[in-house]
Amino acid sequence: MELLDIVDENGVPTGEMVDREIAHREGIRHRTSHVWLLRERPDGVEVLLQKRSKNKDSHPGCYDISSAGHIPAGVDFIPSAVRELKEELGLIVDEKELIYCGQRRFCWKDVFYGRLFVDNQVSNVYCLWKDVSTEELTLQESEVEEVVWMNLKKCKELVRENRIKSCIMMEELELLPEGRES
């Protein structure tokens, strides 16, 4: 059982908790942390995309945020983001390296494996400037099938035009800086 804090529209815990499975079955609002790895290249900023495992309970086999995850009850956004980076990609980072990009609230419904899946999230979005090769990363096989660096402008174009199998939201990509000075 994975317990999550039930939160208000600003991501503040209400004092109640819910099992992750129930939260997604009933659409109960909870928190997640999203971290986008970025690096600079001569042809522009690149973003690291993870391809979700084919066994994930939602969006299997889709390209997604570099690292993201539900925030366990009693934990805050940044410690959860740091934990997810270590679990999913094998990256050990200092909390101070994360750059806050904004907060997103969204709710969507879809059907996976014949069951309704409702995701009602308040997500803090961060970026992390980290120039690492994909070979340096240790992927959590149960979560991540592969990772790939992609030019950020190209990624935005592919997502906007729905030319990549992803669960990336354009609104979130627009929060990311197009350079270190942005």
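**Exercise 1. Find which residue stands opposite Gln-50 in strand E5, and then work out how strand E4 is paired with its other neighbours.**

Solution. Step 1: Gln-50 has Asp-64 opposite it in E5, where strands (E, at least two residues) and helices (H or I, at least four residues) are DSSP runs numbered from the N terminus. The model is a predicted one, in which local features need pLDDT of at least 70 and side-chain atom pairs count only at pLDDT 80 or more, while totals for chains, interfaces and linings use all residues. Residues are numbered from 1 along each chain as its sequence is written, and side-chain values use heavy atoms, with hydrogens and water left out.

Step 2: E4 and E5 (residues 63-64) run antiparallel and are joined by two bridges, and two strands are said to pair if DSSP finds at least two bridges between them.

Step 3: With strand E9 (residues 144-151), E4 pairs in the antiparallel sense over seven bridges, and within E9 it is Glu-146 that stands opposite Lys-51.

Step 4: Strand E3 (residues 30-41) is joined to E4 by four bridges, and these two strands also run antiparallel. E3 and E4 form a hairpin with two residues between them, and Arg-41 has Gly-44 as its bridge partner in E4.

Step 5: Eight of the nine residues of E4 (residues 44-52) are buried, so the strand is largely enclosed by the rest of the structure. Here buried means under 20% relative accessible area, exposed means over 50%, and partly exposed lies in between (1.4 Å probe, protein chains only).

**Exercise 2. Describe which residues of helix H3 are buried, and where they lie around the helix.**

Solution. Step 1: In H3 (residues 152-160), the buried residues are Leu-152, Cys-155, Lys-156, Leu-158 and Val-159.

Step 2: Viewed down the axis of H3, these buried residues fall within an arc of 165 degrees, so they line one face of the helix; the arc is that of the directions from the helix axis to the C-beta atoms. As a general rule, an α-helix has 3.6 residues a turn, so residues three or four places apart point the same way.

Step 3: The exposed residues Lys-153 and Arg-160 are carried on the face of H3 that is turned away from its buried side, whereas the cover over the buried residues includes E4, E9 and H4.

Step 4: At the N-terminal end, H3 is capped by Asn-151, which has a side-chain oxygen 2.9 Å from the backbone nitrogen of Lys-153; such a polar contact is a pair of N or O atoms within 3.5 Å, and within protein one must be able to donate a hydrogen and the other to accept it, with residues adjacent in sequence counting only if both atoms are side-chain atoms. After H3 comes Asn-162, whose phi is positive, near 55 degrees.

**Exercise 3. Identify the residues that touch the most other members of the largest nonpolar core, and the elements that supply this core.**

Solution. Step 1: A nonpolar core is a set of buried Ala, Val, Leu, Ile, Met, Phe, Trp, Tyr and Cys residues joined through side-chain atoms within 4.5 Å. The largest such core has 22 residues, of which Trp-36, Val-47, Leu-49, Leu-173 and Leu-176 touch the most other members.

Step 2: At least two residues of this core come from each of E3, E4, strand E8 (115-129), H3 and H4, and H3 gives the most, with four residues.

Step 3: Apart from neighbours within four places in sequence, Leu-173 is in contact (heavy atoms within 4.5 Å) with Trp-36, Leu-152, Cys-155, Lys-156, Val-159 and Ile-168. A second, separate core of 19 residues includes Phe-77, Ala-81, Val-93 and Val-144.

**Exercise 4. Is Glu-172 buried or exposed, and which residues does it touch?**

Solution. Step 1: Glu-172 lies in helix H4 (residues 170-173), and because its relative accessibility is 3%, Glu-172 counts as buried.

Step 2: Not counting residues up to four places away in sequence, Glu-172 touches His-34, Trp-36, Ile-65, Arg-104 and Val-125.

**Exercise 5. State how many helices and strands the chain has, and how its radius of gyration relates to the globule rule.**

Solution. Step 1: The chain has four helices and nine strands.

Step 2: Its radius of gyration is 16 Å, close to the 16 Å that the globule rule gives for 182 residues, so the chain is as compact as a globular protein of that length. The radius is taken over C-alpha atoms, and the rule is 2.2 Å times the number of residues to the power 0.38.

Step 3: Of the 182 residues in the chain, 53% are buried.
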